[in-house]
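Colleague: Could you walk me through this model, one question at a time? I would like to follow how you get to each answer.

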Amino acid sequence: MGPRKIQCELQAQTTHVQGHSIVSNIYRHLRTSMSDGIPVVFLTDVKFLDRETIQGAQEELITFLETTKPTTLIINFQDVAAISSEFISTLLRCREYVKSAGGEFCLSNMNPAVRMAFKVTKLDGTLLHIFDTVALAIEALKRLDQPR
Amino acid sequence: MTGASRILVVEDSPCQLLQIQMLLESAGYDVATAEDGQGAIEAIRTSTFDLVVTDLEMPRLDGLGLVRAIFAQDLDLPVILTTASGSELIAAETLHAGAASYVPKDNISSILVPTVARILELKQAAQPDPRLAICVHSVQVEWKLDNDLKLVPNLIRRIESILSELGIYDPSARLQVAMALDEALTNAMVHGNLEVSSELRRIEEGRPYSQQIQERQSLAPYRDRRVTFCFQANRSTATFTIGDEGPGFQVNEVSDPTDSANLEREGGRGLLLINTFMDQVIHNECGNKIVMIKHCKKG
């Protein structure tokens with residue numbers, strides 16, 4: 001049996017709030033927006049533990065990356081309570097996508113248990129850059145973007 | 001006993017909203033309203049409801065999106081859909097996504113109130129009696145599982161609910177247990193019984209990994225192997241023993257995932273998370289059984 005292909009509905013709705021354009025696409029496991037010109041992916045599931053959720057999220061993230069080809073990306077973990085090592089692999093895959101296009105990839109807003117999973121695997125601060133808030137992640141990405 | 005139940009009605013048509021509101025209020029329910037799924041999510045964030053009745057087709061966020069959002073948040077909030085004729089397929093999809101039931105709009109005046117009453121009764125029956133919960137001294141349960149990964153989230157939910165009833169961990173510690181159990185159960189099924197290597201996840205977005213899992217779930221000898229999961233807990237400690245029937249592995253031969261040369265490799269991360277989130281972890285000699293112990297940290 002071939003791989004299941006999720007039908008991602010990319011019904012983009014653009015609104016403008018205080019000078020920022022917010023684009024929301026209808027996915028099942030994520031919500032996307034633009035903040036200060038930087039794409040932010042908000043993970044909508046509480047637990048990324050079971051294979052079905054992780055696979056679905058991975059397919060949607062890759063579809064998003066392939067269709068938008070962002071040079072910067074922030075993943076917002078605000079509502080995520082628990083993750084598995086398989087989901088860590090998914091995030092590393094997303095990082096590869098963004099990095100291969102010369103881009104920068106950040107994670108933000110993690111609860112202590114989720115953050116600990118990245119800390120003990122020594123990914124926090126090495127392959128993955130994790131910030132306490134989206135605002136701090138945006139600031140860091142903007143600093144990187146400034147001409148030296 | 002319907003007076004205390006609070007129901008959120010979500011409907012973009014003011015006329016139908018009024019009709020549903022009147023039906024439910026005259027049956028004694030306390031009714032709040034929202035005009036679409038997005039409004040409903042905001043209402044759920046700020047208030048407590050016992051049940052949601054929602055239309056399927058609405059602007060901003062439709063009924064299916066609302067069901068998915070409620071399910072994703074793990075809220076104990078049943079949803080009943082009201083559907084126009086011709087939308088049975090999408091109604092079926094919504095049931096699959098977690099809705100409790102649906103009521104065709106043509107029969108709303110006769111079916112809605114009994115359906116609401118039935119779903120609320122079921123919800124109440126599923127809730128543990130708090131007077132019994134404080135009397136629980138210890139529990140021991142054993143499961144023999146086949147290698148169906150879809151069983152894992154439900155099993156973990158069941159364990160979380162027992163731990164919550166025992167009251168030995170705070171929510172954060174329960175999540176740590178959930179993360180460790182997920183790693184150990186998945187490991188026992190996929191790597192232990194089905195002997196599928198985690199390195200396959202790195203190839204072609206993990207498709208060969210999923211494919212081999214699927215193939216071996218119906219192929220001897222893999223399909224005949226079972227995972228034994230024994231859970232013992234009292235008010236101070238929980239012990240989780242997970243054994244598979246595969247050939248096992250040498251724990252000391254697993255490469256260190258925190259070594260800078262291995263950071264991008266797949267293997268070993270799960271074991272590291274188990275060791276982090278549990279207080280004590282013991283493997284048997286042959287490497288197909290793990291015992292994980294977590295103590296109560298409450299003062």
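Colleague: Which helix gives the largest share of the largest nonpolar core?

Modeller: Happy to start there, and note that this is a predicted model, in which local features need pLDDT of at least 70, side-chain atom pairs count only at pLDDT 80 or more, and totals for chains, interfaces and linings use all residues. Residues are numbered from 1 along each chain as its sequence is written, with chains lettered from A and ligands numbered from 1 in the order in which they are written. A nonpolar core is a set of buried Ala, Val, Leu, Ile, Met, Phe, Trp, Tyr and Cys residues joined through C-beta atoms within 7 Å, where buried means 20 or more other C-beta atoms within 10 Å of a residue's own, C-beta atoms being placed from the backbone. The core has 74 residues, and those touching the most other members are Ile74(A), Ala82(A), Met179(B), Ala180(B), Leu181(B), Ala184(B) and Leu185(B); its largest share, 11 residues, comes from helix 8 (residues 171-193) of chain B.

Colleague: And how many residues does the other core have?

Modeller: That core lies apart from the one we just discussed. Among its members are Leu8(B), Ile20(B), Ala99(B) and Val116(B), and the total is 32 residues.

Colleague: Are the residues of strand 3 of chain B buried or exposed?

Modeller: Strands here are DSSP runs (E, at least two residues) and helices are H or I runs of at least four, numbered from the N terminus. In strand 3 (residues 51-55), Leu51(B), Val53(B) and Asp55(B) point one way, and Val52(B) and Thr54(B) the other. On both sides the verdict is the same: all are buried.

Colleague: Which strand of chain B does strand 3 reach through a right-handed β-α-β unit?

Modeller: Strands pair if DSSP finds at least two bridges between them. Strand 3 of chain B pairs in the parallel sense with strand 1 (residues 6-10) over four bridges, and four bridges also join strand 3 to strand 4 (residues 79-83), again parallel. Right-handed means that, with the strands pointing away from the viewer, the path from the first strand over the helix to the second runs clockwise. The unit consists of strand 3, helix 3 (residues 63-72) and, as its other strand, strand 4 of chain B.

Colleague: Which helix supplies the largest share of the side of chain A that touches chain B?

Modeller: Counting contacts as C-beta atoms, placed from the backbone, within 7 Å, 28 residues of chain A meet 32 of chain B. Helix 1 (51-68), helix 2 (85-100) and helix 3 (112-120) of chain A each supply at least two residues of that side. The largest share, five residues, comes from helix 3 of chain A.

Methods:
Contact = placed C-beta atoms within 7 Å. Buried ≥ 20, exposed ≤ 12 C-beta atoms within 10 Å, placed from the backbone.
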